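Q: Could you take a close look at the salt bridges in this model for me? I would like to know where the charged partners sit, and what lies around them.

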Amino acid sequence: MKAEDHRHRRLMALPPLWRGGFRPFFLGGAIWSLVVVALWLAALAGVVTLPTAFDALAWHRHEMLFGYLGAVIAGFLLTAIPNWTGRLPMAGGRLALFAGLWLAARVAVLFSGVLGTLLAAVLDIGFLATLAFVAAREVIAAKNRNLPVVIVIAVLTCASALDHGAALGVDVPAGLGWRLGFGTVLMLIALIGGRIVPSFTRNWLAKQGVTQRLPTQPGRFDIATLAVLALALVAWTLTPEGAWTATLLIAAGALQAIRLARWSGLRTRHDPLVLMLHISYAWLPIGLVLLGLAGYLPGMPASTGLHALGTGAMASMTLAVMTRATLGHTGRTLHADGWTRAIYTLVTVGAALRVAAAALPFDYLQTVMVSGLLWSGAFILFLWTYGPYLLDARPDGRP
């Protein structure tokens with residue numbers, strides 16, 4: 001009890017921002033997503049020339065994958081791992097230094113055309129490698145079952161290294177790094193989403209007095225769907241245009257759609273916090289099928305599926321998790337107010353518009369710009385609504 005009191009006093013002595021990993025990384029990640037999209041749209045319109053060694057598209061892709069998503073994944077894991085293991089969270093000076101490493105990597109990659117690609121690579125890879133090391137140390141010390149998540153972070157680190165290798169002139173197959181990173185994040189969504197979506201749905205339904213057909217935790221069917229997904233993503237990473245790859249992607253998408261249907265999402269329509277998790281996960285099978293169909297339909301670009309997976313699954317799932325986790329871990333009521341519902345609406349409509357942009361009878365560039373503004377609006381509202389929660393102390397006096 002004395003040890004717990006000492007830990008409580010130590011955490012309460014810290015500025016609120018450094019009391020939990022979700023605080024600086026959710027805040028920094030949301031800000032950085034806006035910077036990346038704004039600079040990318042400006043570069044796309046020919047307004048600015050980015051000072052990075054990457055070309056504009058490669059920089060945009062890298063920073064959304066390893067910059068924005070790297071921050072959100074770090075915030076989630078640094079908050080979840082203490083709950084998984086019962087060990088102390090990273091906080092205070094160590095957390096500030098780790099967040100500083102992430103920020104330094106972002107600046108170095110953006111200005112790598114001036115500062116050099118080697119410095120950018122060292123800082124950027126170093127951030128993810130440190131996250132993988134910290135996660136592995138905690139999980140192994142506690143003999144926890146979440147080692148697969150650690151392995152996924154290690155693979156993400158390798159993907160970032162491959163992407164930087166291409167920028168450094170190393171003979172790396174074209175696009176291998178970002179495809180490996182993209183597939184790794186999708187695998188993480190399937191792994192973590194496959195736990196939290198049915199779990200939160202079951203809890204909510206139980207509170208409503210529902211006792212019939214409640215979602216269950218992952219079983220053999222889920223393991224099979226994850227295996228097919230992993231096989232499809234490996235095939236796509238190595239041979240993105242192969243016929244077998246297209247077939248595997250469609251099969252994986254179909255299985256993920258069945259998996260999602262088993263979680264009773266429609267019954268949560270009265271709680272946006274839970275419903276949004278289902279909507280976000282739905283982008284995964286949609287994107288996989290669209291990406292697979294691009295291998296069979298010459299008129300369908302692969303970018304359609306990629307945008308469904310990127311601006312849809314990845315962005316909406318991270319916002320769904322960040323809003324819920326921020327409310328819960330800052331002592332607020334788990335309730336989606338009007339601002340939160342607006343966040344969910346903007347990111348979903350923005351993603352849908354981006355996916356359909358090439359097929360709509362409007363100017364493509366203007367449609368992309370509108371999509372980017374809607375999508376960015378979701379993150380602006382997140383910062384407006386949830387930024388104060390991340391910066392302020394909990395109202396209940398707990399750390």
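A: Here is a walk through the salt bridges, followed by a few other features of the fold. Please keep in mind that this is a predicted model.

A search of the whole structure turns up 6 salt bridges. A good place to begin is Glu138, which pairs with Arg87, their closest N and O atoms being 2.8 Å apart. Glu138 belongs to helix α6, while Arg87 sits in the loop between α3 and α4, so this pair ties together parts that are 51 residues apart in sequence. How buried or exposed are the two partners? Glu138 has a relative accessibility of 8%, and because buried means under 20%, Glu138 counts as buried. Arg87, with a relative accessible area of 35%, is partly exposed.

Glu138 also forms a salt bridge with Arg137, and here the closest N and O atoms are 3.1 Å apart. Arg137 is partly exposed, its relative accessible area being 36%. The buried Glu138 is therefore paired with the partly exposed Arg87 and with the partly exposed Arg137.

Next comes Asp222, whose salt bridge with Arg259 has its closest N and O atoms 2.8 Å apart. This pair links distant parts of the chain, with Asp222 in helix α9 (residues 220–238) and Arg259 in helix α10, 37 residues apart. Both Asp222 and Arg259 are buried.

There is a network as well: Glu63, Arg106 and Asp124 are joined into one by salt bridges that share partners. Glu63 is found in helix α3, which covers residues 56–85. With a relative accessible area of 0%, Glu63 is buried. What does Glu63 touch, apart from its neighbours within four places in sequence? Its contacts are Trp32, Val36, Tyr68, Arg106 and Val109. Arg106 thus appears both among the contacts of Glu63 and in the salt-bridge network.

Now to the surface. Leu103, Val107, Phe111, Val114, Leu115 and Leu119 make up a nonpolar patch there, and together they have about 540 Å² of accessible area. The elements that supply two or more residues to this patch are α4 (92–110) and α5 (112–115). One member, Leu119, lies in helix α6, which runs over residues 117–141. Leu119 has 41% relative accessibility and so counts as partly exposed. Helix α6 is also the home of Glu138 from the salt bridge with Arg87.

Returning to helix α10, which holds Arg259, you will find Ala243 in this helix too, which spans residues 243–261. Ala243 counts as exposed, at 53% relative accessibility. Between the C-alpha atoms of Ala243 and Arg23 there are 44 Å, and the two residues are 220 apart along the chain.

Finally, here is a look at how two helices pack. Helix α11 (residues 272–293) and helix α13 (residues 338–356) have their axes 11 Å apart, at an angle of about 10°. Angles under 35 degrees count as roughly parallel, and α11 and α13 are therefore roughly parallel to each other. On the α11 side the residues that meet α13 are Pro272, Leu273, Met276, Ile279, Trp283 and Leu290. Their partners in α13 include Tyr344, Val347, Ala351, Ala352 and Val355. Thr340, Arg341 and Thr348 of α13 also take part in these contacts.

Conventions:
Residues numbered from 1 in each chain as written. Predicted model: local features only at pLDDT ≥ 70, side-chain atom pairs only at ≥ 80, totals over all residues. Heavy atoms only, no water. Patch = residues over 30% accessible without salt bridge, like charges linked within 9 Å, V, L, I, M, F, W, Y side chains within 5 Å. Areas by Shrake-Rupley, 256 points an atom, 1.4 Å probe, with all protein chains shown as cover. Salt bridge = Lys/Arg side-chain N within 4 Å of Asp/Glu carboxyl O. Helix = DSSP H or I, 4+ residues; strand = E, 2+ residues; numbered from the N terminus. Buried < 20%, exposed > 50% of the residue type's maximum accessible area, 1.4 Å probe, protein only. Axes fitted to C-alpha atoms, helices over the stretch in contact; angles between N-to-C directions. Parallel < 35°, antiparallel > 145°, perpendicular 65-115°, else oblique. Contact = heavy atoms within 4.5 Å.
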